[in-house]
Amino acid sequence: MERPPNLAAAIDAAAEALVGVLDSAVSRHRMVVSPTQLRVLSLIASRPRTNVNRLAELLDVVPSSASRLCDRLEAIGLLRRVADPRDRREVRLVPTAAADDLLRELAERRHQAVQTVLDRMPGRVQHELLLGLLAFGQAAATAATAAEPATDPSARTA
């Protein structure tokens, strides 16, 4: 079966529509944090051993900018700085219970917004979409793995 010539454009348009649905779920809720602060909280929540330098790398900013973002989140009670028990010189960034609640509520709102759109689609099309998304995810993971440089010195070619 041949790929339609506009498949990539259709996927790009669908991704834009999805971003719009997700953004509207957030914008309808009165958020106490900016989108950048939400991103910081999400990054930290998904990487428990993150420190300010690692956060700066993830955000592609200088450490002082990442530290100021953390200062603001700490000031509103969404982030704590905690000494690492293995190396007390190292300071970890830890989301507070309030941050966890905020992220959980946001995820629920986004899930519901996507579900509302899916409910407008026939069941057969939803199933086909699921199969396509799973295949896309596998192909993307395979492509990412193939693009990683080899770490085994014996794998190098002369």
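The questions and answers below walk through a predicted model of one protein chain, from its overall make-up to single residues.

Q: How many helices and strands does the secondary structure of the protein chain come to?
A: Read from the N terminus on, the elements of the chain run α-α-α-α-β-β-α-α. Counting the two kinds of element along that order, the secondary structure comes to 6 helices and 2 strands.

Q: What share of the residues in the protein chain is buried?
A: A residue counts as buried when its relative accessible area is under 20%. The chain as a whole exposes about 11,500 Å², and carbon and sulfur atoms supply 57% of that area. Among the 158 residues of the chain, the buried ones make up 22%.

Q: What span should helix H2 have at 1.5 Å a residue?
A: Helix H2 covers residues 35–46, which gives 12 residues. The expected span is 1.5 Å times one less than the number of residues. The C-alpha atoms at the two ends of H2 are 16 Å apart, and this agrees with the expected span, which is 16 Å.

Q: Which elements do the buried residues of H2 pack against?
A: The residues of H2 that count as buried are Gln-37, Leu-38, Val-40, Leu-41, Leu-43 and Ile-44. Packing here is a matter of contact, for which heavy atoms must lie within 4.5 Å. The partners of these buried residues are helix H1 (7–27), H3, H4, E1, strand E2 (87–95) and H5.

Q: Where in the chain is the place of Thr-50, and is the residue buried or exposed?
A: Thr-50 has its place in the loop between H2 and H3. Its side chain reaches the backbone oxygen of Arg-47 at 2.6 Å, and, leaving aside residues up to four places away in sequence, Thr-50 touches Leu-43, Leu-55, Val-91, Arg-92 and Leu-93. Because the relative accessible area of Thr-50 is 2%, the residue of this loop is buried.

Q: Which residue caps the N-terminal end of H3?
A: The cap is recognised from a polar contact, in which N or O atoms lie within 3.5 Å. At this end of H3, a side-chain oxygen lies 3.2 Å from the backbone nitrogen of Asn-53, and the residue that supplies the oxygen is Asn-51.

Q: What arc do the buried residues of H3 cover around the axis?
A: In H3, the buried residues are Val-52, Leu-55, Ala-56, Leu-58 and Leu-59. They lie on the same side of H3, because the arc that they cover around the axis is only 160°.

Q: What is the phi of Asp-60, the residue that follows H3?
A: Asp-60 lies in the loop between helix H3 (52–59) and H4, and at 72% relative accessibility it counts as exposed. Most residues other than glycine have a negative phi. Asp-60 is a residue other than glycine with a positive phi, and the value is near 60°.

Q: How far apart in sequence are Arg-81 and Asp-71, whose side chains meet in a salt bridge?
A: The side chains of Arg-81 and Asp-71 meet at 3.0 Å, N to O. This pair links distant parts of the chain, with Arg-81 in strand E1 (residues 79–84) and Asp-71 in helix H4 (residues 63–75), and the two are 10 residues apart.

Q: Which helix holds both Asp-101 and Arg-104?
A: The side chains of Asp-101 and Arg-104 meet in a salt bridge at 2.5 Å, N to O. Asp-101 is partly exposed, with a relative accessible area of 42%, and Arg-104 is partly exposed as well, at 45%. The two residues are 3 residues apart, about one turn of the helix, and the helix in which both lie is H5 (residues 97–118).

Q: Which residues are linked with Glu-90 and Arg-92 in a network of salt bridges?
A: Side chains of opposite charge can pair when their charged atoms come close. The closest N and O atoms of Arg-92 and Glu-90 are 3.9 Å apart, which is accepted as a salt bridge because the cut-off is 4 Å. Arg-92 is buried, with a relative accessible area of 12%, whereas Glu-90 is partly exposed, at 23%. The residues linked with this pair in the network are Arg-49 and Asp-84.

Methods. Residues numbered from 1 in each chain as written. Predicted model: local features only at pLDDT ≥ 70, side-chain atom pairs only at ≥ 80, totals over all residues. Heavy atoms only, no water. Helix = DSSP H or I, 4+ residues; strand = E, 2+ residues; numbered from the N terminus. Buried < 20%, exposed > 50% of the residue type's maximum accessible area, 1.4 Å probe, protein only. Areas by Shrake-Rupley, 256 points an atom, 1.4 Å probe, with all protein chains shown as cover. Arc of directions from axis to C-beta. Polar contact = N/O pair within 3.5 Å; in protein donor to acceptor, adjacent residues only side chain to side chain.
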